[in-house]
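Hi,

Here is the structure I promised to pass on. Have a look at it first, and then read on for what I found.

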Amino acid sequence: MATVLRPLHTCECAICQQHSEATIVRYHAQINLLLSRLAEPQRRWYVGVLSQEPDSPSDVQLALITGLDEKTIQRGRREMENELAAVPVDRQRHTGGGRPRSEKKTRN
Ligand SMILES: [Zn+2]
């Protein structure tokens, strides 16, 4: 089974729908590309951090951009504010749903 890769989300914000600003379209596509390579908890932490940037979009916008639920984004932000205290480093792999990579790949 593949790790927790999820299909690439296509941004649904107004700018991307209309392709009105190439820079933003590219930026949103990159956010989604990055998210597609992250494990589930890391996705919400990343977007939680994004949501606190000075000019960051609202959670509603971020939900459109990333495909994450608003509640998920809020949760990510909260967890970051608490310095991930509820998510000890050594437990992430077990609780996050992320599995170690299959070793088959290197065998040949
Ligand atoms: Zn967008």
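The largest nonpolar core has 14 residues, and Val47, Leu62 and Ile73 touch the most other members. Helices H2, H3 (40-50) and H4 (59-66) each supply at least two residues of this core. Please keep in mind as you read that this is a predicted model.

Leu62 is a good place to start looking around. Leaving aside residues up to four places away in sequence, Leu62 touches Val47, Leu50, Ser51, Pro57, Gly67 and Ile73. Two of the residues named for the core, Val47 and Ile73, are thus among the contacts of Leu62.

Next, the helix that carries Leu62. In H4, the buried residues are Asp59, Leu62, Ala63, Ile65 and Thr66. Viewed down the axis of H4, these buried residues fall within an arc of 165°, so they line one face of the helix. What covers them includes H2, H3 and helix H5 (70-81). After H4 comes Gly67, which has a positive phi, near 80°.

One charged residue may also catch your eye. Arg44 sits in helix H3, and is it buried or exposed? Its relative accessibility is 5%, and because buried means under 20%, Arg44 counts as buried. Not counting residues up to four places away in sequence, Arg44 touches Leu68, Thr72, Arg75, Gly76 and Glu79.

Now to the metal site. Which residues coordinate the zinc ion? They are Cys11, Cys13 and Cys16, each through SG, and His28 through ND1, at 1.9 to 2.3 Å. The angles subtended by the four donor atoms run from 106 to 114°, which makes the arrangement tetrahedral. Along the chain, the donors follow the spacing C-x1-C-x2-C-x11-H. Cys11 and His28 link distant parts of the chain: Cys11 lies in the segment before helix H1 (14-18), His28 lies in helix H2 (residues 22-36), and the two are 17 residues apart.

The zinc ligands are worth checking for burial too. Cys11 and His28 are both buried. Cys13 counts as buried at 1% relative accessibility, and Cys16 counts as buried at 9%. As for disulfides, the structure holds zero.

If you open the model yourself, I would start with Leu62 and its contacts, and then turn to the zinc ion and its four donor atoms.

Best wishes

Definitions and conventions. Residues are numbered from 1 along each chain as its sequence is written. This is a predicted model: local features need pLDDT of at least 70, side-chain atom pairs count only at pLDDT 80 or more; totals for chains, interfaces and linings use all residues. Side-chain values use heavy atoms; hydrogens and water are left out. Donors are N, O and S atoms within 2.8 Å of the metal (3.2 Å for Na, K and Ca); water is not among the atoms, so sites may look incomplete. Four donors count as tetrahedral if all angles lie between 85 and 135 degrees; four count as square planar and six as octahedral if opposite donors are over 155 degrees apart and all others between 65 and 115; anything else is irregular. Helices (H or I, at least four residues) and strands (E, at least two) are DSSP runs, numbered from the N terminus. Buried means under 20% relative accessible area, exposed over 50%, partly exposed in between (1.4 Å probe, protein chains only). A nonpolar core is a set of buried Ala, Val, Leu, Ile, Met, Phe, Trp, Tyr and Cys residues joined through side-chain atoms within 4.5 Å. Contact means heavy atoms within 4.5 Å. The arc is that of the directions from the helix axis to the C-beta atoms. A disulfide is a pair of cysteine sulfur atoms within 2.5 Å.
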